[in-house]
Amino acid sequence: MIAYAGWVTARKPGALPADQTVMLAAFEGWNDAGSAASDTLDHLNTVWEARELSSLDPEEYHDFQVNRPTIEADDDGHRELVWPTTTVSTAKVARRKIVLAQGHEPSMRWRRFCDDLLDRAVEQQVHTVITVGALLADVPHTRDIPVTMSSEDAKVRALLDLEPSTYEGPVGIVGVLAAEARRRGLATVAVWAAVPHYVAHPPSPKATLALLGAVEKLLGHSLEMGDLAEDARAWQQGVDELAAEDTDIGEYVRHLEEAKDTAELPEATGEAIAQEFERYLRRRDPGGGL
């Protein structure tokens, strides 16, 4: 049992309390290498059959010469304008209510944008905001996609066995949203995937799959991955073929592999092995719940 921010509930090791309402947020743009973060939210919206609650007024936050509206046709062939905005949806997963926020990174009024979005989170009684991002990095596509989880809140770090972020430098909207959420007294967790920079063109299904695995761990509930594992294998095979055809890329990938393989790896503790086995069992019995 744990007590935090006024509530007491049971939880799985390394996961947020099972009845806690969380917000997952990701945005297209600077924080979305290979579209891995936005594709993660798209996937969750689909598999959870999330219901849209509201959207933020794009007129307030977007420069339409930067993010232009598009003409799209619906299933009936009707053409309509689609504006670059942020939608807020909700889903129920076992006992947990989840709020999903996704859209384009705003062009202006970031503080007002975050206040607007967090007002809606408070209306839904969100306790924790989980921001999801992806960045380009010197990592090989042939190895597991590195995913980091961090929190600026000491209580959250103790609860989930996380480390504080050591990053210093420019931030995107997910960094501002997390800072404003903490100012309001909400707990925050940042989840980031490192996408190989030499294959930055979206989609990046292997990175999306890695981000979903991190979300799965935080929520303590198995996720339906659909065709993502097959898509990730096909993506890796395609990059393998590219590296085989281009000697410079092939040599660079081998250099990254050597650096990765010789780096010091975290010890596989008994607890870590047990947690991974538990996740495997939950995937085999998706109806088992939390």
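**Exercise 1. Determine which residue forms a salt bridge with Arg 143 at a closest N and O distance of 2.7 Å, and where the two partners lie.**

Solution. Arg 143 forms this salt bridge with Asp 261, and the closest N and O atoms of the two are 2.7 Å apart. This pair links distant parts of the chain, since Arg 143 sits in the loop between strand 9 and strand 10 while Asp 261 belongs to helix 8, 118 residues away. The model is a predicted one, and the values below should be read with that in mind.

The next step is to look at exposure, for which the range between 20% and 50% relative accessible area counts as partly exposed. Asp 261 has a relative accessibility of 44%, so this residue is partly exposed. Arg 143 has a relative accessible area of 26% and is therefore partly exposed.

A further step concerns Glu 257, whose side chain meets that of Arg 143 in a salt bridge with an N to O distance of 3.7 Å. Because Glu 257 lies in helix 8 (residues 247-262) and Arg 143 in the loop between strand 9 (128-137) and strand 10 (147-150), the pair ties together parts that are 114 residues apart in sequence. With 16% relative accessibility, Glu 257 counts as buried.

**Exercise 2. Find where Arg 120 and Asp 116 lie, and decide whether Arg 120 is buried or exposed.**

Solution. The side chains of Arg 120 and Asp 116 meet in a salt bridge, at 3.0 Å from N to O. Both residues lie in helix 3 (residues 110-123), where they are four residues apart, or about one turn of the helix. The relative accessible area of Arg 120 is 18%, and residues under 20% count as buried, so Arg 120 is buried.

As a last step, the count of salt bridges in the model comes to eight. In general, side chains of opposite charge can pair when their charged atoms come close.

**Exercise 3. Check whether the span between the end C-alpha atoms of helix 1 agrees or disagrees with 1.5 Å a residue, and then do the corresponding check for helix 6.**

Solution. The expected span is 1.5 Å times one less than the number of residues. For helix 1 (residues 36-47), which has 12 residues, this gives 16 Å, and the end C-alpha atoms are 16 Å apart, so the two values agree. For helix 6 (residues 205-219), which has 15 residues, the expected span is 21 Å, and the end C-alpha atoms are 21 Å apart, so here too there is agreement.

The surroundings of the helices can then be described. In helix 1 the buried residues are Ala 36, Ala 37, Ser 38, Thr 40, Leu 41, His 43, Leu 44 and Asn 45. In helix 6, 13 of the 15 residues are buried, so this helix is largely enclosed by the rest of the structure.

Finally, consider what follows each helix. Glu 49, just after helix 1, takes a positive phi of about 50°, and Gly 220, just after helix 6, takes a positive phi of about 70°.

**Exercise 4. Work out which strands pair with strand 9, and in which sense, parallel or antiparallel.**

Solution. Strand 3 (residues 22-28) pairs with strand 9 in the parallel sense over four bridges, and within this pairing Val 22 has Thr 128 of strand 9 as its bridge partner. Strand 11 (residues 187-196) also runs parallel to strand 9, and 10 bridges join the two. Gly 133 stands opposite Trp 192 in strand 11. As for its cover, strand 9 has eight of its 10 residues buried, and is thus mostly covered.

**Exercise 5. Identify which residues form a nonpolar patch on the surface, and place Val 171 in the chain.**

Solution. The patch is formed by Trp 30, Tyr 167 and Val 171, which together have about 370 Å² of accessible area. Val 171 lies in the loop between helix 4 (154-160) and helix 5 (173-183), and with a relative accessible area of 44% it is partly exposed.

**Exercise 6. State how many helices and strands the protein chain has, and what share of its residues is buried.**

Solution. The protein chain contains nine helices and 11 strands. Of its 290 residues, 46% are buried. The exposed area is about 15500 Å², of which carbon and sulfur atoms supply 49%.

Note on methods: Residues numbered from 1 in each chain as written. Predicted model: local features only at pLDDT ≥ 70, side-chain atom pairs only at ≥ 80, totals over all residues. Heavy atoms only, no water. Buried < 20%, exposed > 50% of the residue type's maximum accessible area, 1.4 Å probe, protein only. Patch = residues over 30% accessible without salt bridge, like charges linked within 9 Å, V, L, I, M, F, W, Y side chains within 5 Å. Areas by Shrake-Rupley, 256 points an atom, 1.4 Å probe, with all protein chains shown as cover. Salt bridge = Lys/Arg side-chain N within 4 Å of Asp/Glu carboxyl O. Pairing = 2+ DSSP bridges.
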